[in-house]
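User: Please go through this model with me and explain, term by term, how each label is justified.

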Amino acid sequence: MKSILSLALAFGVIVLGSSGCYYDVDDELNPKDTTSICDTAAMDYASIRSVFDNGTCLNCHSGANADAGLDLSTYAGTSQYLNSSASTLIDRITVGSTGDIMPPSGPKLNDCNVSKTRAWINAGFPQ
Ligand code: HEC
């Protein structure tokens, strides 16, 4: 009787132990914390326009009276600027060594949005 009990106990430990491992693997394969994932693949102008919009860039860089004559609200305006000054735009949202970091006041673009913008520009800013 005693040996059957300890056998059942050992079996229970094995089952519980291995199901614990199973959940560990599952957590790794299906991470529940998605905030640390920044997907910079397949960026197009629409993705970047929403980055600029949420980053408040379009409050100032939009339409005929856009600050610095830089209209980021259309693909035409954005690509025209990037053709000559892609590195300036990246500089203005990161270190700001060519002028004030953008936006000039309020929160800067977060790291993920900077990465997305950089990836899009490095890919040749596809429409
Ligand atoms: C509050 C208004 C305002 C906001 C918001 C703003 N900018 Fe600007 N931006 C300006 C002004 C004014 C200038 C011109 C003065 C200067 O160069 O600093 C400028 C200049 C620039 C330049 C340099 C243009 C040139 O002369 O080559 C870039 C690039 C730029 N902004 C990008 C951005 C981006 C990207 C964002 C959003 C992350 C942004 N700006 C948000 C007002 C703004």
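The questions below deal with the chain, two of its residues and the ligand.

Analyst: This is a predicted model, in which local features need pLDDT of at least 70 and side-chain atom pairs count only at pLDDT 80 or more, while totals for chains, interfaces and linings use all residues. Residues are numbered from 1 along each chain as its sequence is written, and side-chain values use heavy atoms, with hydrogens and water left out.

User: What makes up the pattern of the protein chain?

Analyst: The chain reads α-α-α-α-α along the sequence, with 5 helices and 0 strands; helices are DSSP runs of H or I with at least four residues, strands are E runs of at least two, and both are numbered from the N terminus.

User: Why is Thr78 called buried or exposed?

Analyst: Buried means under 20% relative accessible area, exposed over 50%, and partly exposed in between, with a 1.4 Å probe and protein chains only. Thr78 has 1% relative accessibility and therefore counts as buried. Thr78 is part of helix H4 and, leaving aside neighbours within four places in sequence, is in contact (heavy atoms within 4.5 Å) with Tyr45, Phe52, Asp71, Leu72, Ser73 and Trp120.

User: Why does Asn83 get its label, buried or exposed?

Analyst: Asn83, also in helix H4, has a relative accessible area of 62%, so Asn83 is exposed. In the chain of 127 residues, 27% count as buried.

User: Which side chains make polar contacts with the ligand, and how do you know?

Analyst: A polar contact is a pair of N or O atoms within 3.5 Å; within protein, one must be able to donate a hydrogen and the other to accept it, and residues adjacent in sequence count only if both atoms are side-chain atoms. A side-chain N or O atom of His61 lies 2.8 Å from a nitrogen atom of the ligand, whereas polar side-chain atoms of Tyr81 and Arg92 lie 2.5 Å and 2.6 Å, respectively, from an oxygen atom of the ligand. Helix H3 (57-60) and helix H4 (75-93) are the elements that give two or more residues to the shell around the ligand, and H4 gives the most, with 4 residues.

User: What makes up the shell around the ligand by class?

Analyst: The ligand is surrounded by 16 residues, each with a heavy atom within 4 Å of the ligand. Ala, Val, Leu, Ile, Met, Phe, Trp, Tyr, Cys and Pro count as nonpolar, Asp, Glu, Lys and Arg as charged, and the others, Gly among them, as polar; on that basis the shell has 12 nonpolar, 2 polar and 2 charged residues.
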